[in-house]
Amino acid sequence: MTKTSDQLVHDPNGGMDRLREIMRRLRDPETGCPWDIEQEFRTIAPYTIEEAYEVADAIEREAWDELKGELGDLLFQSVFHAQMAEEKGLFSFDDVADTMSDKMVARHPHVFGDENRDKSAEQQTRDWETIKAAERAAKAQQGVLDGVAIGLPALLRAVKLQKRAARVGFDWPEISMVLDKITEEAREVAEARDTLGQDELREEIGDLLFVVANLARHLDVEPEEALRHANAKFERRFKGIERRLATAGKTPEQSNLEEMDALWEAEKAAERAAE
């Protein structure tokens, strides 16, 4: 028996159909939620990015009890965009799912086709890039760097641009050359910090960060992940400083750099001892 809209909305086991019906009801121009009705692709996009980061955060913290909810939040973003697209006659949620399915089947001929599955992960990565290059060519994306999304986090986009350029040989052959370039860029910043304007400083800092991302790529380190770890480490150690100061009846504002630096070193030593 086909369920009514209300029955589906309140069905705790309604699955994907329930979520899509809830989204449709939220966007109903007469009975929906005013906030949801007035949204468009551009206004929802920042929330989509935020939810993706919250998924990554839950994984980073191994907060598996939270991951289900965060994945649900991210899924809802896809449903939201698909609902808006369907209202405009652009495509439906099923079109989104079918497009993804077609892409995965096409990009895995060793699983869904007649190609030999006996290949390394490295070979599969090369094959994947070859298939993606053919897809870009079919879309008339002729430039080597075409198709690298502008909205990506800057460090991630830097690495993707570098990988694309490296495929055609535009890359440093030795890590030592990347390290030399980092030294050069850092020296330029140090020498020019008192003479350059803010725009020029931004450009010099950008050059330095771009080369650091390049070093991470050469060392097979994801710079976004590395920076997340560094952020977490800083946060953990600074909170340690706050705890130590609180034990002495003080706050950071009542301390000074010398004292806090000593407490920072104490936190580092405590971490090493715990390891």
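Hi everyone, let's start with two helices: the axes of H4 and helix H5 (residues 64-87) come within 9 Å and cross at roughly 160°. Here axes are lines fitted to C-alpha atoms over the stretch in contact, with angles from 0 to 180 degrees between N-to-C directions. Helices are DSSP runs (H or I, at least four residues), numbered from the N terminus. H4 and H5 are therefore roughly antiparallel to each other, a term for angles over 145 degrees.

A quick note on the source: this is a predicted model, where local features need pLDDT of at least 70, side-chain atom pairs count only at pLDDT 80 or more, and totals for chains, interfaces and linings use all residues. Residues are numbered from 1 along each chain as its sequence is written, and side-chain values use heavy atoms, leaving out hydrogens and water.

Back to our pair. Which residues of H4 meet H5? Among them are Phe41, Ile44 and Tyr47 in H4, while the H5 side includes Trp64, Leu67 and Phe80; contact means heavy atoms within 4.5 Å. By class, this contact has 15 nonpolar, 3 polar and 4 charged residues. Nonpolar covers Ala, Val, Leu, Ile, Met, Phe, Trp, Tyr, Cys and Pro; charged covers Asp, Glu, Lys and Arg; the others, Gly among them, are polar.

Now the pockets. A pocket is an open set of points on a 1 Å grid over the protein atoms alone, where a 1.4 Å probe fits, with protein on both sides within 12 Å along at least five of seven lines; lining residues have an atom within 4 Å of a point. The largest has a volume of about 1200 Å³, the space filled by probe spheres set on the points. H9 gives the most to its lining, with 6 residues.

Methods
Parallel < 35°, antiparallel > 145°, perpendicular 65-115°, else oblique.
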